Amino acid sequence: MHIDIWDSDSLLLIGSTAIELKYMLRQGKSAVQALHEVEVLTTDYVGEETPMNTDSRHQSTFSPMSVHTLVRGWLHVRTGNIGCPRDPKGKRSAGVMPPYSHIITLNATGGFRGGSLSSRSVLQVDGWSTAQANRLGRERNQEACIRSEPEQRKLERMAAVRRREAPENATVAKVTEPTMEVFQADAGYRARSAAERSKAEDIASMLSQDITTQHLLFASLGSAEYMEFVLQNPLNVPQTVTIHSDDPELSVITSTDEWRYFKELTKTSTRLEENMFHTEDGAPGPRIYLRPKESVLIPLKYQSFLCDHALALQGPSFLPPSNGSQVAKKTLSNIIAAKTIKVAFKVDSKLMAILQVNVEPTPHVVDQTFRLYHPELCFLKKAIRLPPWCDPTDGRLDATVDISVRCSDPNIVCQTRVLVPGEPQDIYLKVPGSPSPNIKMFFVMVFTDKWMAAPSQIWQFYVHFLERVDVSCVTGQQSRHSLVLRGKQAVRKVRCYSSHPQEIKVDPEGVFVLPPASVQELHMKVQPWRAGSRFLYVNAVDVERRRLITSWLVCLNILRPVLSKTFEVHVPVGSGRGCSKKIGYTNPYPGSRTFLLRSDHPDLLQFKEDRFQIGAGQSYSIGLRFAPSRSSGSAEILVYVNNLEEKTEETFSVKVNYS
């Protein structure tokens, strides 16, 4: 079970961990529990240090990145598993799946068994005399349904007014009444025609249900479900049957080798026939020839590589209190969709049999999770290298398998290339970009068998798209950069958070109001302490709704400063006491100045005073206090003398030898 830990305020990922579920096995016990203390890990992308070069034309802007795993903390979890009491009556519980059979036999109903032809509730008439007696009443009801009530009242009022006006208008009334009778007769004819059509449709529906076979299928992402349908020719003449499926995920297995493979895999001991199907380009499906009264097995395979990628916004999300556990089970995300598929067996456009497969989705197991960060609206190109995958069924040590991959998102390019035998294989991904702060989630299925019956591994990918900000700076020195935050449709209360608050600060620091459709300029102060290339993150969060508004990917190219002086200090090991030293510094300015002292290793070095003021041309002794150590070795500590604007005046390198 994979667990991600997020900061609820900044919506920044703290780290991830995993717990093995083997401790949940009860092994016949009524209940078990286990206590876990697991490490919360995160990854940090760091490039090699780039030395400072005085010639700007020869400065290197590229450094290879390496991934470091950092321990952010420990998570304490208690898991338990309580068994359900056994039902004394021997009834099957609702959550247990029925036994699955790969053989599907045709429904043998023996013809129409009587009953209503319509699925709707209709009045049943007992006898021809009763039907004739009530025919007139039904026609009047149908006419009343067809003709609207306001129109009927209008015609009646017009006839009544004309009869009361004058005797000479009697002729007009006599003409109106036959006109209404003709209208009513035409409406009755239309109603009878509609009833006859509905009756024909009900009869056709009942006949279709009589030749339909229902089959329930439990399927998961990437796994192929195999089944065999028993098709029989009920006529005394040979027939050529065309098989058509209304969903491409349910297909007929026409390859003899593939059919044999699935028979061995599912241990289905039925007969196998070679070259049984005839396929043509442009045909609705494969064809099969059946002799009179002949029965054959039609091999079918259902396999889906697509699933729902609906992903909630980054922030707290939970089901409402009114929803129960049953609702939670029905609203599973990231699984294949439930559907109903019909396979029609036709003879010259006439139906011989129908197989209706009801697909019920089941969750799949995720073997590994990848979380990637990438600039917005840019294609992500990623290559994942796999070690040589040996075939356990082959006795040779150098025997390898052909690896194939599929992606759950059809808009993502996912492929692999076959290299020299024995060499590792690469899986290539090309993911289209999205605007910040969208997250794209998808699955990659890795298959090691030829017919892709079941994935050997399923990988889950999260790609965070962020606004990219490139920053070039020097260690120990503060630089300022601008960020642009655009308002949405409503007024929001926003606060900005940084993944490394010691190195990046955003002004304003507190909560501020972001008007709708406005542009807010933010000032980012960057002061790193390690040279190289690094990736840091800044989030702008709606503090009221706890939703992420936008996110920035800060790509730092950090250079080492020019060293003014170098010192070497020896610190005794195991004495329990540190060591104190002094370094002289002279004010080069003609006036009095205030300076700040900074260090890239505050855990190893402390200053007597972090802030001092000296006059023009005067000298000051910087007091250094080195922490004690229990092991021998050496470390390089950089001491920065900065002004009030955090601009570096001089940099000293102190090499500490613990001996």
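Biologist: Which residue of β27 stands opposite F535?

Modeller: C555 does. This is a predicted model: local features need pLDDT of at least 70, side-chain atom pairs count only at pLDDT 80 or more, and totals for chains, interfaces and linings use all residues. Residues are numbered from 1 along each chain as its sequence is written, and side-chain values use heavy atoms, with hydrogens and water left out.

Biologist: What makes β26 and β27 paired strands?

Modeller: Two strands pair if DSSP finds at least two bridges between them. Here 11 bridges join β26 (residues 532–542) to β27 (residues 547–559), and the strands run antiparallel. The two form a hairpin with four residues between them. In that turn, R546 has a positive phi of about 55°.

Biologist: What else pairs with β26?

Modeller: Strand β22 (residues 492–498) does, antiparallel, through five bridges. Y497 has N539 of β26 as its bridge partner. Strands here are DSSP runs of E, at least two residues long; helices are runs of H or I, at least four, and both are numbered from the N terminus. By that count the protein chain has five helices and 35 strands.

Biologist: Why is C555 called buried or exposed?

Modeller: Buried means under 20% relative accessible area, exposed over 50%, and partly exposed in between, with a 1.4 Å probe and protein chains only. C555 has 7%, so it is buried. Strand β26 is mostly covered too: 10 of its 11 residues are buried. Across the 659 residues of the protein chain, 37% count as buried.

Biologist: How many disulfides does the whole structure hold, and how do you know?

Modeller: Zero, from a search of the whole structure. A disulfide needs a pair of cysteine sulfur atoms within 2.5 Å. Take C307: the closest cysteine sulfur, in C407, is 8.8 Å away, too far for a bond. C307 is buried as well, at 12% relative accessible area.

Biologist: What makes the largest nonpolar core a core?

Modeller: A nonpolar core is a set of buried Ala, Val, Leu, Ile, Met, Phe, Trp, Tyr and Cys residues joined through side-chain atoms within 4.5 Å. This one has 44 residues. F229, L231, I288, I298, Y302 and F345 touch the most other members. Strand β13 (residues 350–361) gives the largest share, five residues.

Biologist: Where does this core lie, and how do you know?

Modeller: Domain 2 (210–313 + 334–361) and domain 3 (366–388 + 399–469) both give residues to it, so it lies between them. Those bounds come from an automatic or database domain assignment.

Biologist: What counts as a contact of Y302?

Modeller: Contact means heavy atoms within 4.5 Å. Leaving aside neighbours within four places in sequence, the contacts of Y302 include L217, M227, L250, I341 and V359.

Biologist: Why are β5 and β9 called edge strands?

Modeller: Each pairs on one side only. The open sheet has four strands, ordered β5-β7-β11-β9, with mixed pairing. β9 (250–252) and β11 (residues 295–302) share three bridges in the antiparallel sense, which meets the limit of at least two. V252 has L300 of β11 as its bridge partner. Helix α4 (residues 256–266) lies across β7 (225–232) and β11, at about 110° to β7. Such angles run from 0 to 180 degrees between N-to-C directions, with axes fitted to C-alpha atoms, for helices over the stretch in contact.
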